[in-house]
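Student: I have a new model open on my screen and I'd like to learn how to read it. Can you walk me through it?

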Amino acid sequence: MRETALAAVADFPKTLELVKDQLRHHDPIGIMASFAAYNLLTFVGSRDGSKKKPLKDVLQHHAELLQAINPAGPVGPGSGAAGDHADSLR
């Protein structure tokens, strides 16, 4: 298990650059929205009340990390980004 952890740590810079490159060359706000909307959902079973996630290993902090490296910067009211523009469309 230690070797696996060390390999993951060694691969992290390469993986981080891959994610940053995708965000730079595609729609970073759309990627964030899609990632958060799908991966942070929890489905509740109607019969037994059980909860299931589409991807059980994706957690809120993953979305927060993606937001932190997003080249579009913060989004929301007062940020000067898409949030302000969306408010002006109402």
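Tutor: Sure. Keep in mind that this is a predicted model. Let's begin with the surface: the accessible area of the protein comes to about 7,100 Å², and carbon and sulfur atoms hold 61% of that.

Student: What share of the 90 residues is buried?

Tutor: Buried means under 20% relative accessible area. Here 11% of the 90 residues fall in that class.

Student: Which pattern do the helices and strands follow along the sequence?

Tutor: Read along the chain, you get α-α-β-β-α-α, made up of four helices and two strands. For the fold, look at contacts too: among those with a separation of 6 or more, 41% join residues 24 or more positions apart.

Student: What is the volume of the largest pocket, and which residues line it?

Tutor: The volume is about 250 Å³. Phe12, Thr15, Leu16, Val19, Phe35, His62, Leu65, Leu66 and Ile69 form the lining. Helix H1 (2-25) and helix H3 (60-69) are the elements that each give two or more of these residues. Sorted by class, the lining has seven nonpolar residues, two polar ones and no charged ones.

Student: Now a single residue. Why does Asn70 count as buried?

Tutor: Because its relative accessibility is 7%, and the cut-off for buried is under 20%. Asn70 sits in the loop between H3 and helix H4 (82-88).

Student: What does Asn70 touch, leaving out residues up to four places away in sequence?

Tutor: Leu23, Pro28, Ile29 and Met32. With Pro28 there is also a polar contact: the Asn70 side chain reaches the backbone oxygen of Pro28 at 3.4 Å.

Definitions and conventions. Residues are numbered from 1 along each chain as its sequence is written. This is a predicted model: local features need pLDDT of at least 70, side-chain atom pairs count only at pLDDT 80 or more; totals for chains, interfaces and linings use all residues. Side-chain values use heavy atoms; hydrogens and water are left out. On a 1 Å grid over the protein atoms alone, a cavity is a set of points where a 1.4 Å probe fits but cannot get out, and a pocket is an open set with protein on both sides within 12 Å along at least five of seven lines; lining residues have an atom within 4 Å of a point. Grid points are joined across faces, edges and corners, and a volume is the space filled by probe spheres set on the points. Ala, Val, Leu, Ile, Met, Phe, Trp, Tyr, Cys and Pro count as nonpolar, Asp, Glu, Lys and Arg as charged, and the others, Gly among them, as polar. Buried means under 20% relative accessible area, exposed over 50%, partly exposed in between (1.4 Å probe, protein chains only). A polar contact is a pair of N or O atoms within 3.5 Å; within protein, one must be able to donate a hydrogen and the other to accept it, and residues adjacent in sequence count only if both atoms are side-chain atoms. Contact means heavy atoms within 4.5 Å. Accessible areas come from the Shrake-Rupley method with a 1.4 Å probe; for residues, only the protein chains shown count as cover.
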